Amino acid sequence: MPNVGKENIMDALKEVYDLEIGFDIVSLGLIYKVDVDDNNNVHILMTLTTPMCPLAGFIVDSAKEKVKEIKEVNEVEVELTFDPPWDPQMASEEVKNLLGL
């Protein structure tokens with residue numbers, strides 16, 4: 001069974017948007033780590049722009065669903081962390097420019 005590439009997972013996660021800000025979670029720098037085990041189970045360590053994010057459930061569920069759409073993927077676990085807390089400087093250069101940072 002071919003291993004799922006992290007690039008494929010990151011591409012899927014680029015389809016998940018923080019609707020409050022209007023950018024995808026990868027460009028915002030919300031994805032801290034992606035691990036794929038030998039059975040193509042995926043563990044995603046991510047954060048949100050704020051611990052009080054009203055879209056937290058939506059974003060986490062959307063991330064799981066998008067990654068599960070990759071046919072080789074078995075289980076998907078999304079772990080939220082706020083250590084380190086998100087900072088706008090974690091966003092891609094494009095997002096920082098658009099946000100005026």
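**A sheet, two helices and a core**

Hi everyone, let's begin with helix α2, which lies across β4 and β5 and runs at about 150° to β5. Before I go on, please keep in mind that this is a predicted model.

Those three elements belong together: β4, α2 and β5 make a right-handed β-α-β unit. If you follow the two strands of that unit, you'll see that β4 and β5 run parallel, with 5 bridges joining them. To pick out one pair for you, Met-46 has Leu-80 in β5 as its bridge partner.

Now let's widen the view to the whole sheet. In what order do its strands come? The order is β3-β4-β5, in an open sheet of 3 strands with mixed pairing. β3 and β5 are the edge strands, each pairing on one side only. From one strand to the next, the twist averages 15°. Helix α1 packs on this sheet too, where it touches β3 and β4, and its direction makes about 135° with that of β3.

Next, the inside. Which residues of the largest nonpolar core touch the most other members? There are 29 residues in this core, and the ones to look for are Ile-9, Leu-13, Ile-25, Ile-31, Ile-44, Met-46 and Val-67. You may remember Met-46 as the partner of Leu-80 in the sheet. The elements giving two or more residues to the core are α1 (6-13), β3 (31-36), β4 (42-46), α2 (56-68) and β5 (76-80). The largest share comes from α2, with 5 residues.

Let's zoom in on Ile-9 for a moment. Setting aside its neighbours within four places in sequence, Ile-9 is in contact with Val-4, Val-34, Val-36, Val-42, Val-67 and Ile-70. Val-67 is itself on the list of core residues that touch the most other members, so do find that pair on your screen.

To finish, here is a small puzzle back in helix α2, where Ser-62 lies. Is Ser-62 buried or exposed? Its relative accessible area is 17%, and buried means under 20%, so Ser-62 counts as buried. And what does the side chain of Ser-62 reach? That side chain reaches the backbone oxygen of Phe-58, at 2.8 Å.

So that's our tour, from α2 across β4 and β5, through the core, and back to Ser-62 in α2. Thanks for listening!

How values were computed: Residues are numbered from 1 along each chain as its sequence is written. This is a predicted model: local features need pLDDT of at least 70, side-chain atom pairs count only at pLDDT 80 or more; totals for chains, interfaces and linings use all residues. Side-chain values use heavy atoms; hydrogens and water are left out. A nonpolar core is a set of buried Ala, Val, Leu, Ile, Met, Phe, Trp, Tyr and Cys residues joined through side-chain atoms within 4.5 Å. Buried means under 20% relative accessible area, exposed over 50%, partly exposed in between (1.4 Å probe, protein chains only). Helices (H or I, at least four residues) and strands (E, at least two) are DSSP runs, numbered from the N terminus. Contact means heavy atoms within 4.5 Å. Two strands pair if DSSP finds at least two bridges between them. Axes are lines fitted to C-alpha atoms, for helices over the stretch in contact, and angles run from 0 to 180 degrees between N-to-C directions. A crossover is right-handed if, with the strands pointing away from the viewer, the path from the first strand over the helix to the second runs clockwise. A polar contact is a pair of N or O atoms within 3.5 Å; within protein, one must be able to donate a hydrogen and the other to accept it, and residues adjacent in sequence count only if both atoms are side-chain atoms.
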